[in-house]
Amino acid sequence: MEPLTETEIRHLAEQALAYIPERVKHYAPLIGVTYGRITIRNQKTRWGSCSAKGNLNFNCLLMLTPAEVIDSVVVHELCHRKEMNHSDKFYRDVLRVFPGYWDQHKWLREHGDAIIRRMTG
Ligand SMILES: [Zn+2]
């Protein structure tokens, strides 16, 4: 796949900023958690993160993945508001709200690296 230009990356970030906070807003009450600030970044290492204060951070490259993959990352990060780990209990919370989680996780594992490689600089 072609490397992304700066303009394309900026465009993805704008799209992500318009889209991802809506998905967070949708899932937070279903999971039963609150959250802080939402930041969109372009990163080569991770798809999302959640700080101890509940600030969420998402990779703008998620906009190059299917909607279900984006939701799976949103649910994953929001469930860290309950469990700051990847324990069985954490994944039970994830699967309760998003039963197809492992399919989307698999998609990211198979295609994620190729997408991240398009990020240059
Ligand atoms: Zn995690």
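**Close-ups of a small sheet, two helices and a zinc site**

**View A. Ser49 meets its partner in strand 3.** Ser49 has Asn57 of strand 3 as its bridge partner. This is a predicted model, and the view looks at how strand 2 and strand 3 come together. Strand 2 covers residues 48-50 and runs antiparallel to strand 3, with 3 bridges joining the two. They make a hairpin, with 5 residues sitting between the strands. Look for Gly54 in the turn: its phi is positive, at about 90°.

**View B. Ile38 across from Leu56.** On strand 1, Ile38 stands opposite Leu56 in strand 3. Here the pairing is parallel: strand 1, residues 38-41, shares 4 bridges with strand 3.

**View C. The sheet as a whole.** Put the strands together and you get an open sheet of 3 strands, ordered 1-3-2, with mixed pairing. Strand 1 and strand 2 are the edges, each pairing on one side only. On average, neighbouring strands in this sheet are turned by 15° against each other, ignoring direction.

**View D. Strand 3, covered on both faces.** Strand 3 spans residues 56-59, and neither of its faces is left uncovered. Leu56 and Phe58 are buried on one side, while Asn57 and Asn59 are buried on the other. Two of these residues have turned up already: Leu56 is the one opposite Ile38, and Asn57 is the bridge partner of Ser49.

**View E. Two helices lying across the strands.** Helix 1, residues 6-31, lies across strand 1 and strand 3 and runs at about 145° to strand 1. Helix 2, residues 67-79, lies across strand 2 and strand 3, and its angle to strand 3 is about 155°. Strand 3 thus features in both pairings, with helix 1 and with helix 2.

**View F. Three histidines on a zinc ion.** The protein donors here are His76, His80 and His86, each using its NE2 atom and lying 2.0 Å from the zinc ion. Along the chain, the donors follow the spacing H-x3-H-x5-H. His80 counts as buried because its relative accessible area is 9%, and the cut-off for buried is under 20%. His76 also falls within the residue range 67-79 of helix 2.

Conventions: Residues are numbered from 1 along each chain as its sequence is written. This is a predicted model: local features need pLDDT of at least 70, side-chain atom pairs count only at pLDDT 80 or more; totals for chains, interfaces and linings use all residues. Side-chain values use heavy atoms; hydrogens and water are left out. Donors are N, O and S atoms within 2.8 Å of the metal (3.2 Å for Na, K and Ca); water is not among the atoms, so sites may look incomplete. Buried means under 20% relative accessible area, exposed over 50%, partly exposed in between (1.4 Å probe, protein chains only). Two strands pair if DSSP finds at least two bridges between them. Axes are lines fitted to C-alpha atoms, for helices over the stretch in contact, and angles run from 0 to 180 degrees between N-to-C directions. Contact means heavy atoms within 4.5 Å.
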